[in-house]
Amino acid sequence: MHLDVLFTNGDITTLDPDRPTARRMGVLGGVLVGLDDDLDGCTADDVVDLGGAPVVPGFHDAHHHLSMRGQRLTQLDLRPSAVTSMDALRAAVREHARRLPEGAWVRGHGYDQNRLGGAHPTRQELDALTGGRPVWLAHNSAHMGVVNTAAIRLMGFADPRDLPDVPGGTVERDATGAPTGLLTEQAQALVYELLRPQPVEDFVRAIELGSQVALAEGLTSITEPGIAGRLTGNGPADLHAFLIARERGVLGVRATVMPEMAALHDIDAEPGFGLDLGLRTGLGDDTLRIGAVKLFSDGSLIGRTASMCCDYADAAGNRGFTQDDPDRLREQVLRAHRAGWQIAAHAIGDAAVQLVLDAYARAQRQLPRADARHRIEHCGVTSDAQIAEIARLGVVPVPQARFVDELGDGIIAALGAERAKLAYRQLSFLRAGVEVPGSSDCPVVDGAPLLGIHALVNRETAAGQVLNADERLTPLQALRAYTSGSAYADHQEHRKGRLARGMLADFTVLSDDLTRVDRRAIKDVEVTATVVGGEIKHDRMGLSG
């Protein structure tokens, strides 16, 4: 056999139980056609020596806002790693606004009030800092943000007091009834109606920028959890932009995209509900495909808008809220289920998780579907009974261990030390027989998979607190989550997540073996090369030469 590429001299962890390790891999047409002695006698157009480096299946982030990540790379960075106090935030906003043309939007992202003394920036503060320019500062959760008076006036309200309340969200007001500038959940649509959609070329550029960073971090696949929606994505032409990015070769990673439920509508033919022409989950190919439909049930844990069964520990009387009427959510789930969609429901609080589980159970009772594999995005706070129900229904939870690292101190403050033990329970899911994917929710937190694996193994917050050591995974379990687990969540385990004959030739080359380094040093392991379909897409080793 004549191959396109023969990769040799690798310390390869395949995650294939029939052949757990290998030294050589042969690629033809972007697919692995053999390993080790399968390749004896084969010739190849190219032979690449991996220099004995550790190799793992390509990382797959099951909840990664690739386009939003690219968009935020062009905005003011207000994450805790960039600003450490409210004074620092004010100074950064003032300096950024000073460099912008008059009337231009001041766009910032990533601030966390939990790391700024517990307070959000206010409308009046932003007015004083930005010289009359409109402002939108997005919270790191992407479930809230702050506007100033100029932005409210662009919404059509000369008097900020006329800013309306929005069902499924909140417009925070001071004691006089005037808005403070903080908009949560569905109320964010007030500002997104002004900012979206950005021009298609700008959105394609965002996809390109997000892809470049993802490849450098060892990602070969991502699942984009929401396009063409009110809260996620850019606009109704989002899939068109992804196709353009693919055609130009700037969509560097394999992408499964989730349309938001708002994009689905009645169709006067079977299946009766969905996208035009009956498009639904599964359409596409190995590079770009349509995945689950995304819907929102609640909000953010650190923003205290996730729907909980009990009061927040530091906010008596507040249990968060659902973003939509529960009966309407149940009906949407049933209609999408009937139309053949995989469903991915955002649910963080335990009350929201229960609402979604009940909706999934009802849909299966009324119309049983084999291996529907509906998902719960985040699945942040869960009881033992809920984990058992998740296993029984065949639901895929998609929790983010990175939240423990970057947001864990806020999680503990919100829930209290005892209830925080119920947050992001990856090992409990595995013990219940549930497949757990690896994911980040980037750019809400840093999207590097190695940091995610580090978090799964260590579960330490930014302040050094351990959030329930009983939920720690082994390095091998964490690696499986970010490869085969995420492939399973997308119904793609037959194509990726392992390095075996017939699987896609997607793999990541590392500086050290994740299963052998000290668990506290996993975050220091480096990605030295990323290969997608046998093509070297990121190269710090000089393999291309």
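Glu 95 and Arg 98 lie three residues apart in helix 2, so about one helical turn separates them. These two residues form a salt bridge in which the closest N and O atoms are 2.5 Å apart. The model is a predicted one, and a search of the whole structure finds 40 salt bridges. The points below take up some of these pairs, and then the packing of helix 6 against helix 7.

**Salt bridge within helix 2**

- Glu 95 has a relative accessible area of 33% and is therefore partly exposed, whereas Arg 98, at 56% relative accessibility, counts as exposed because the cut-off for that class is over 50%.

**Salt bridge between helix 2 and helix 3**

- Glu 125 forms a salt bridge with Arg 90, and the closest N and O atoms of this pair are 2.6 Å apart.
- The pair links distant parts of the chain, since Glu 125 belongs to helix 3 (residues 123–129) and Arg 90 to helix 2 (residues 86–98), with their positions 35 residues apart in the numbering.
- Glu 125 has a relative accessibility of 22% and so counts as partly exposed, and Arg 90, with a relative accessibility of 24%, is likewise classed as partly exposed.

**Lys 421, Glu 418 and a network**

- The side chains of Lys 421 and Glu 418 meet in a salt bridge, with an N to O distance of 3.5 Å.
- Lys 421 is partly exposed, its relative accessible area being 40%, while Glu 418 counts as exposed at 58% relative accessibility.
- Elsewhere in the list of charged pairs, Arg 19, Asp 37, Asp 38 and Arg 501 are joined into one network by salt bridges that share partners.

**Packing of helix 6 and helix 7**

- Helix 6 (residues 200–216) packs with helix 7 (residues 238–247) at an angle of about 60°, and the axes of the two helices are 9 Å apart.
- Because of this angle, helix 6 is oblique to helix 7, and the crossing in which helix 6 passes helix 7 is right-handed.
- On the side of helix 6 the contact is made by Val 200, Phe 203, Val 204 and Ile 207, and on the side of helix 7 by Asp 238, His 240, Ala 241, Phe 242, Ile 244 and Ala 245.
- By residue class, the contact of helix 6 with helix 7 divides into eight nonpolar residues, one polar residue and one charged residue.

Notes
Residues numbered from 1 in each chain as written. Predicted model: local features only at pLDDT ≥ 70, side-chain atom pairs only at ≥ 80, totals over all residues. Heavy atoms only, no water. Axes fitted to C-alpha atoms, helices over the stretch in contact; angles between N-to-C directions. Helix = DSSP H or I, 4+ residues; strand = E, 2+ residues; numbered from the N terminus. Parallel < 35°, antiparallel > 145°, perpendicular 65-115°, else oblique. Left-handed = near helix turned anticlockwise from the far one by under 90°. Contact = heavy atoms within 4.5 Å. Nonpolar A, V, L, I, M, F, W, Y, C, P; charged D, E, K, R; others polar. Salt bridge = Lys/Arg side-chain N within 4 Å of Asp/Glu carboxyl O. Buried < 20%, exposed > 50% of the residue type's maximum accessible area, 1.4 Å probe, protein only.
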